[in-house]
Amino acid sequence: MAKYDGPLLTAYDVGCGSGQSTELLSTYFTKVHGTDVSRAQIAEATKRVKAQNVVFSVALAENIPEPANSVQLISASQAVHWFDLPKFFKEADRTLVENGAIALYGYSFPEINIPEFKKELKDAVDHVYSVETKGYWGPGRYSVDAEYKDIIIPYKECIRENYYVELNHSLEYFSNYITTWSGFQQMKKDKGNEKATDVITNFQTRVMDVLGKECEPSTIDLPVRIKFFLLMARKQAK
């Protein structure tokens with residue numbers, strides 16, 4: 001199959017949230033357009049991202065406000081599992097240039113990567129996900145857990161790849177990350193602040209017990225490994 005060899009004029013980032021993934025594309029494309037259904041997220045992205053060639057607007061994933069055959073890349077980071085896929089893929093096909101690409105990517109829950117305590121630490125995170133926040137996740141969460149293996153882009157030329165990133169975070173930072181989960185936020189909304197605080201306190205206590213530490217969570221360093229998964233396909237000539 002032929003690769004796209006023209007100018008990189010436009011990248012379109014769907015479900016862009018606060019614009020973190022959108023901003024990364026600004027170095028490579030003349031224009032980057034990030035969209036989201038949330039006006040609050042678009043307001044935050046507009047305030048946060050300073051690159052002059054990046055624009056943001058409110059739009060549905062299934063209604064791409066770009067001309068036909070004008071976009072070289074359509075991307076979605078940790079978002080495609082919320083889309084109406086047949087309608088989204090139809091719009092993507094309309095707006096992509098010949099040999100343009102769709103890149104759908106996401107990431108699994110970070111893993112605390114201490115080999116001798118790997119199972120115990122994974123169980124601590126899984127307890128928050130599978131027990132404390134059970135029933136509070138949207139139906140799209142299954143696709144993330146499945147690493148988008150249930151999603152098929154309707155193009156013949158398609159690849160799936162995994163990448164890993166190693167980081168270091170404090171236990172406090174990792175705990176704060178858990179509070180950003182949509183399932184955690186829904187649980188908090190339903191059961192209240194006291195329950196949410198108890199879940200985090202119990203998680204921290206469980207991790208410290210595994211590690212044999214008694215100190216402030218902000219002083220406990222954790223090596224963290226994050227798995228990213230990519231599903232990418234190219235539009236062929238009709």
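Let's start with a cysteine: Cys215 is partly exposed, with a relative accessible area of 36%. Keep in mind as you look around that this is a predicted model. Another cysteine, Cys158, is also partly exposed, at a relative accessible area of 34%. If you work with cysteines at the bench, you may wonder how many disulfides the structure holds. The count is zero. As a reminder, a disulfide is a covalent bond between the sulfur atoms of two cysteines.

Now step back to the whole chain. Its secondary structure comes to eight helices and eight strands. Measured out along the principal axes, the C-alpha trace spans about 60 × 35 × 30 Å. Of the 238 residues, 47% count as buried. The chain exposes about 13,000 Å², and carbon and sulfur atoms supply 53% of that area. The contacts tell you how the sequence comes together: taking those between residues at least 6 apart in sequence, 74% join residues at least 24 apart.

Next, let's go inside. The largest nonpolar core has 29 residues, and the ones with the most contacts inside it are Phe174, Ile178, Trp181, Phe184, Phe203 and Leu222. Which elements give two or more residues to this core? They are helix H4 (118-132), helix H6 (171-179), helix H7 (182-191), helix H8 (193-211) and strand E8 (221-234). Of these, H8 gives the most, with eight residues. Apart from this core lies another one, of 25 residues, which includes Tyr12, Ala59, Phe83 and Ile102.

Ile178 is a handy place to zoom in on the 29-residue core. Leaving out residues up to four places away in sequence, Ile178 touches Val128, Phe184, Ile200 and Phe203. Two of these partners, Phe184 and Phe203, are themselves on the list of residues with the most contacts inside the core.

Finally, come back out to the surface. Here Tyr163, Val165, Leu167 and Phe228 make a nonpolar patch of about 300 Å². Which strand gives the most to the patch? That is strand E7 (residues 157-170), with three residues. Leu167 is found in strand E7. Is Leu167 buried or partly exposed? Leu167 counts as partly exposed because its relative accessibility is 34%, and partly exposed covers values between the buried limit of under 20% and the exposed limit of over 50%.

Terms used
Residues are numbered from 1 along each chain as its sequence is written. This is a predicted model: local features need pLDDT of at least 70, side-chain atom pairs count only at pLDDT 80 or more; totals for chains, interfaces and linings use all residues. Side-chain values use heavy atoms; hydrogens and water are left out. Patches are made of residues with over 30% relative accessible area and no salt bridge: like charges are joined within 9 Å, nonpolar side chains (Val, Leu, Ile, Met, Phe, Trp, Tyr) within 5 Å. Accessible areas come from the Shrake-Rupley method with a 1.4 Å probe; for residues, only the protein chains shown count as cover. A salt bridge is a side-chain nitrogen of Lys or Arg within 4 Å of a carboxyl oxygen of Asp or Glu. Helices (H or I, at least four residues) and strands (E, at least two) are DSSP runs, numbered from the N terminus. Buried means under 20% relative accessible area, exposed over 50%, partly exposed in between (1.4 Å probe, protein chains only). A nonpolar core is a set of buried Ala, Val, Leu, Ile, Met, Phe, Trp, Tyr and Cys residues joined through side-chain atoms within 4.5 Å. Contact means heavy atoms within 4.5 Å. A disulfide is a pair of cysteine sulfur atoms within 2.5 Å.
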